[in-house]
Amino acid sequence: MTQSVVVQIGQCGNQIGCCFWDLALREHAAVNQKGIYDEAISSFFRNVDTRVAGDGGSISKGKISSLKARAVLIDMEEGVVNEILQGPLRDVFDSKQLITDISGSGNNWAMGHKVFGSLYQEQILEKLRKSAEHCDCLQCFFIIHSMGGGTGSGLGTFLLKVLEDEFPEVYRFVTSIYPSSEDDVITSPYNSILAMKELNEHADCVLPIDNQSLFDIISKIDLVVNSGKLDTTVKPKSLVTSSAGALKKQHKKPFDAMNNIVANLLLNLTSSARFEGSLNMDLNEISMNLVPFPQLHYLVSSLTPLYTLADVNIPPRRLDQMFSDAFSKDHQLMRADPKHSLYLACALMVRGNVQISDLRRNIERLKPSLRFVSWNQEGWKTSLCSVPPVGHSHSLLALANNTCVKPTFVELRERFMRLYKKKAHLHHYLQVEGMEESCFTEAVSSLSALIQEYNQLDATKSMPVADIPRLSIAM
Amino acid sequence: MLPAGCSGRLVAELRGALDACAERQLQLEQSLLVSRRLLRAWEPAGTLAPEPPLGPETKEEAPSPACTPSPQDLKELELLTQALEKAVRVRKVISKAGERDKAPSLKSGSFATSPGMTASIPTRAPGQAGSHASEAKPTRGVRQTTVPAKGHPEHRLPSEGNRAHVGVGARATRPGPGLRDKHVAPSAAPQDPEAFTLKEKGSLLQLPAAFRKAASQNSRLWAQLSSAQPRDSTDATTAAKTRFLQKMQTASGRPWPRLSAVEVEAEVGRLQEACSLLRLRMREELSVAPTDWMQEYRCLLTLEGLQAVARQCLHRLQELLAALAEQPLGPCPVGRPSRAPPPCGDGADPFWSPQLLLYSSTQELQTLVTLRLRVAMLDQQVHLEKVLMAELLPLVSSQEPPSLALCRAVHSLLCEGGERFLTILHDDPADS
Amino acid sequence: MGRRRRLLVNPAAEAGAGALPKAIAALSRSLPAGPSPEIFRRAKFDRPEAAPALWQLLFRFLSPRSIGGASASLGLEAQACLVKSALRSQGYPRQVLAQLPEDGSRGSRELLLALSWLLARGPVLERLLAQAHVQLGDEMPVCECEAVASTGPPAPHMEAEGPVDIRCVQWLMGRLRFRWRCLTASQQEQCALLSKIHLYTRGCHSDQRLGHLSVAETEMLRDPEGGRQLLRRLEHENAGLEAALQWRRGELVFWRWMDTVLGACPPEAPAAAAQPAFLPRIPERGPGQGELVARELRALQEELCEATERRRAAWEARVGGQGRGPQWSSARQALQKAVDQELAALQWAWEQDRGPARPHGPHRLVRREDEAPGGQDLQAAEVIRVLRSKEACLEAVLRQLQGQCRQELARLAGALPGLIWILPPRR
Amino acid sequence: MSIVTVQLGQCGNQIGFEVFDTLFSDSHSSQGLCSKRENEAYQASCKERFFSEEENGVPIARAVLVDMEPKVINQTLSKAAQSGRWKYGQHAYFCQKQGSGNNWAYGYSVHGPRHEESIMNLIQKEVEKCDSLSGFFIIMSMAGGTGSGIGAFVTQNLQDHYAHSLKMNQIIWPYGTGEVIVQNYNSILTLSHLYRSSDALLVHENDAVHKICAKLMNIKQISFSDINQVLAHQLGSVFQPVYSAEGSFHYRRNPLGDLMENLVPHPEFKMLGVRNIPQMSENSLAYSTFTWAGLLKHLRQMLISNAKMEEGIDWQVRPPISGLPPLGKMPLNKELHFNTSIANLAILRGKDVQSADLEGFKDPALYTSWLEPVDAFNVWKTQRAFSKYEKSASLVSNSQFLVKPLDMIVGKAWNMFASKAYLHQYTKFGIEEEDFLDSFTLLEQVVASYYNL
């Protein structure tokens, strides 16, 4: 079995990460009730004998002693990380996994990327190497960060390059939180566009998520739950967004619920690699199947159901609803409408008591309403994992490589151009050593090239699907 | 479709080759059957499948094969020896009993003349430790009979895999029809009980005296027949034969042929081998770069020599072909073409000779046999290649334009041994 | 046994009256299922009733594996046809034979002559006996000449088929490949089993040289009925062998008799006058084969010529400036001698294979793990070595032929515009 | 003679297990409807072929398990061990930590060569356990990365190391849609490579088997395990012992060799399919009776109308009137949907099997013009019943049945190839455009050859 290391950077990254570790522990605790350290757990956790000092205490078999997250926590402020270390998850991390500073990046990509990048490069590398040493087959780095800020965006994308150089064979899956248009960080368009260039070049897969969509989803759930309509059927604590005992605090801390959704996304993404199933899907299969061209590696995700009915023996009708939801605009973790855009490829990762025939039936049902690129008319990748998420009988994660990501990028570019035309705040960036105007122009043309690629694909949408002439056998 | 003549020839050639192969396979299967049957009963843990029943049903179970494929050489031998020893004891018991009582089961006398039958069964009595291998286990599912024997507190003697109970000692049996094969006609082999003595030490098993006698006589006669041959060559008989042959030739009114077709063939075959040997030698010579002038000169001499030899060969061949051309050719009779043997020991020692071929391991034997088959196969392949070339190449080149399907098939058959095939594409896919 | 021995002729009586009948009787007895002596007598007078038996006998002499079941089923006509063809290709001089009707309705004297001709030419009798030899040991031929030669007579189902598609030829070729592979697998198994039997019966044979039992011997112990049959067959063979020896001693008188038979024949008409309706064909390795070999040889000669020229030029260039003293001349002679010897050895390699130097024919397999230097016994390793070189030779020949075909077809492909030939990838 | 099975990848290992389980249960079932003695001979023959020495009385499958990630192998090994009836060899498996990620190139050019020695050693050990080796089954899917890529690599190695032994690849043909996106690429690479190194490709179509589960077995929620069981049943129905000849009481020793000699001698036609009848759920079976005439009539129509199961057969399809000369390149609109055979092998098992009349399969109109039925059709029989069916028949065919699916796969892959999509994933591991082109060329030829029968 392979292992993955989570690198959480910046405030946003660490908050989501924290949620993720909480849920991951719960999930494994639910599946693995004997408390034996098994391969499934090993993919995200080390088992450490705490009585042994230093790092020598890894235990590969037997009872769970003390689990340590395979994670590296990076922030250039101390606040969030300190909170984590004082919270319930403090035992899962140790100080050797942390890198913090006190000054912060000041919402400046250049600070994070250029200044802290070179300052902390060695230290980051050392922690990464250490975490890699604890794995016997490191398969993937999950990088969690935001695009709008300074640390997550700047240092996070700096890290990508470091990883690529140091661990060329290990996948880099990036969960990027895109700023909403009403973002309070004024430089977020700059930061995002500068970061996009790095994502284009150094990531294997990017799961773009925007805060606005998460917020909308939460609001909708609240509406449903609080309307009382589902009171009799909704199982308590069955919401994907619920973390134990946090239910009542939802209104006060909407970010918690939002982070929870992202954390669930990561869990479901890796479930088929961790647990048994009749149709496994390893992490390396994701990029293999969903990334037809190196640059087009942005995958729009949707997660259903977000709550579950009290009755576990759902009728097929409900099961089918789960599939339908996954393609609806409302369930995307990004403001996008895949149904009315062009699919390059699509993955359906199913968990729980669902059989191949259910999967096939739904694909057949949904196919007519979806548009696939001419050369990939049957671009479906599926997996069946027999272990459902905690509290659910089944779930579905859909990953779409779809041109529907384009509007977000276009909008981002517009916001960037509005600022850039006025050269607003530019000096904050240019005063950083190594930062030049060309960085901005290159970044924006990189994004434009990406948008252009999506445009070209979209253009084929209206063209009739014609087979390319095949090799002609003369007998 | 191929032309009729070509079809007929090729199909006949191939069917001939197939039949020859099938015949070999059949012979092999028969001998395999014998070997498997022999081994089945005494192999401690044969993985061999028992043959389905041929005889009548009995309550007995067929020996269910247990498995230990690795023959623990010495142990096996020891087991066999023990089985043989036992067989002798059993025989004695039976023959004594047979004198007293003409009960059918005992009268059968089967053991008296065929200890090997029981000998071939390993007896691994659970109670018997020591000499037996530790991994020894009782052959499951085998009906076993108990033989009281001196020296051995209790031996369990499994009856032969297939057929009836053979009751010995305390346990009497019904005579099954299967016993029939265990009878030995008294007339065929003199019933000399001592013929089967098993030396206490050295475990020498003797074949029946009649057989040994016949066998030794056989080899003596063959030796005589072989040795008589050369001595004859000077005497009057040979002269008479020669005279007869000459007379016949003269009486036929035809000139004495220089060589018969068969001889020409053999000679041509030899020249062909010469050609390949020369070629090998040439390649060898050209593959090494000479390091000093001596070597260089030697190489030059060798090449010149080879050239001279090749010239001689070619000359000889042309003579042969000329000789052959004088003989009229007739139409080919219907039927499969016959093939002359390759020039191996052509008429060298036509008789059976009792020479030995020593091998040291199963693997060596397998290598040898595989190689032998491979050579035969290659020889056939070369032959077929030539026939196919002769029939198909003219066909392909005479067509205008040639059928591409035919070209492809011919290419596959002639250039790829029929195993792979080529593809012919139109240059521009848009054309079609 | 004793009964048989009494039948042995007393050499002293050989010249006496009744010698001829005795000799013929011996001949008849030595032939497995041979015709009665009476047939010979009738053949002398060209009696038609003797013809069928003689056709059959000749057929057995001339077909390589006549003992097998397949040929027995052949009709007399087919047999006769094959006999004619085989005799012709062996250079049988009398053309009358070729004109004989194949229904066996007459010509017994001609057939007697043909039979005698075969007997006079070589040890056919002995070869026939050897073919029918009862195998006691686990015999294995160490070469493949017999197996290859024994393609056998035409099978009955061989009536002319209509034209076939070349794919059918490919199909049959493929089947052949599979059969060889199955054969190889079965042979491997057979080796494993034989080896086991040999191992398990080690020390059980009275003949120290052998040490272990063979399958036939083991079976005799296990299966008395089979053993009895084996013994009977062995005794039968011995009788045949004795008769053959007896024939050897008395055959002179037969040849004298045959002279008179030949004398009684009318001389043959001149060949041209009586051109037969058709002559049996010359077997395949005839002209076609000869041409092929000639072509191979010519190609070889060209290659050699070219190579020699190149080497000579190199040599001239190297020694051009150097003087050549007497020392050189002696070295040169020595070299020449060495090369001549080497080439003579090479030549001998293909010329001598008439002789017994190359392992040939069936041998009794004996498993012996201790590598005792075994006198005249053949070692498997030695046979393997010979076979390997044979294999290499044949592979080279095959490759060369295939290369020739490739060139031929490539030429053809070059002449077809607008097409691309994509060859299977070489592995 | 024995057959060594190599199970590769998730699919290969899951199916391999079901195959051995089916073989074992059938040979040990009491439902054989034959004498005890005969049953024992049947059992022994099956065992010689597929199982090796017993360890504490538990037979061991002659199999090597290969996967690049451990989950499935662990599951398969323990399932077999838990059955308590048979098991896998203790060390007869090879796995790594990380799969091939659906990338044929990764399996073929990275995993394959890297683990060549270990895998070949395991196979060698298994081969050494056989007194006599007939050949190999290589069970693999062609859509994924490990089964397909390493499968092709291993087959090639087997061809190099065991040239005389026979190699039959059990190919799992993916659903037309929805398993792996790059399945068409992986498939053409697999098929073209196997065409060079394997002797026969026995193809099992997921779509067809899925339908059997739904229609004949009446399974509502079909799982992979259901599918694999049907597939194992089909394989068992072919390779369980049969008599060597009409009237013989010996079991055929080398069915693999006999099958291949009869069905796949031509280098361009190596793809085989199995059809069998009857197939139904246990419940329905109790209410059904069969006659040989009925079964064979259905089976024949399944063959000529290219139906994969006995339900929904198109009875309108008739063989073309013989005697019409074939007109070169015309086959697409040939008789309506008539499935031309090259060669067929029928395997009949069960009661009164001697009485079965197979004349219907000897009609020359069923076959390509260039082979006579005498060369093209063969029958194997045994009166021992298979599985729970009193009478059952299977048909292994080399026919046009796969032309359409193959043509589809090649066409889809070609479309993708023309847009160069996903190619970077392959070139990364040394499979270049040139290799793709070679594969396309070969398979286009195969398609054309089958079309032009």
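Is C:Leu57 buried or exposed? C:Leu57 is buried, its relative accessible area being 2%. The close-ups below come from a predicted model.

**View 1. The surroundings of C:Leu57 in helix H4 of chain C.** Helix H4 spans residues 51–62 and includes C:Leu57. Beyond the neighbours within four places in sequence, C:Leu57 is in contact with C:Leu31, C:Pro35 and C:Leu115. C:Ile420 is 363 residues away from C:Leu57 along the chain, and 59 Å separate their C-alpha atoms. With a relative accessible area of 2%, C:Leu57 falls under the 20% limit, so this residue counts as buried.

**View 2. An edge-to-face pair of D:Phe24 and D:Phe51.** The search of the whole structure gives 57 aromatic pairs over all chains. In the pair of D:Phe24 and D:Phe51, the ring centres are 5.8 Å apart and the planes meet at 80°. D:Phe24 belongs to helix H1 (residues 9–27) of chain D, and D:Phe51 to strand S2 (residues 51–55) of chain D, so the pair ties together parts 27 residues apart in sequence. Both D:Phe24 and D:Phe51 are buried.

**View 3. An edge-to-face pair of D:Tyr42 and D:Tyr251.** Centre to centre, these rings are 6.0 Å apart, with 70° between the planes. D:Tyr42 lies in helix H2 (residues 36–50) of chain D, while D:Tyr251 lies in the loop between helix H8 (224–239) and helix H9 (255–263) of chain D, so the pair ties together parts 209 residues apart in sequence. D:Tyr42 is buried, with a relative accessible area of 0%. D:Tyr251 is buried too, with a value of 8%.

**View 4. A cluster of rings in chain A.** Ring pairs join A:Phe20, A:Trp21, A:Phe44, A:Phe45, A:Phe93, A:Phe142, A:Tyr171 and A:Phe173.

**View 5. Arginine charges over aromatic rings.** A:Arg360 places its charged end over the ring of D:Tyr175, 3.6 Å from the ring centre. D:Arg349 has its charged end over the ring of D:Phe386, 5.7 Å from the centre.

**View 6. Cysteines A:Cys12 and B:Cys6 without a bond.** The structure holds zero disulfides over all chains. For A:Cys12, the closest cysteine sulfur is in A:Cys19, 11 Å away and too far for a bond. A:Cys12 is buried, at a relative accessible area of 18%. For B:Cys6, the closest cysteine sulfur is in C:Cys168, 12 Å away, which is also too far for a bond. B:Cys6 is buried, at 5% relative accessible area.

Definitions and conventions
Residues are numbered from 1 along each chain as its sequence is written. Chains are lettered from A and ligands numbered from 1 in the order in which they are written. This is a predicted model: local features need pLDDT of at least 70, side-chain atom pairs count only at pLDDT 80 or more; totals for chains, interfaces and linings use all residues. Side-chain values use heavy atoms; hydrogens and water are left out. Helices (H or I, at least four residues) and strands (E, at least two) are DSSP runs, numbered from the N terminus. Buried means under 20% relative accessible area, exposed over 50%, partly exposed in between (1.4 Å probe, protein chains only). Contact means heavy atoms within 4.5 Å. Rings of Phe, Tyr and Trp (its six-membered ring) pair if their centres lie within 6.5 Å; planes under 30 degrees apart count as stacked, over 60 as edge-to-face and the rest as tilted. A charge sits over a ring if NZ of Lys or CZ of Arg is within 6 Å of the ring centre and within 35 degrees of the ring normal. A disulfide is a pair of cysteine sulfur atoms within 2.5 Å.
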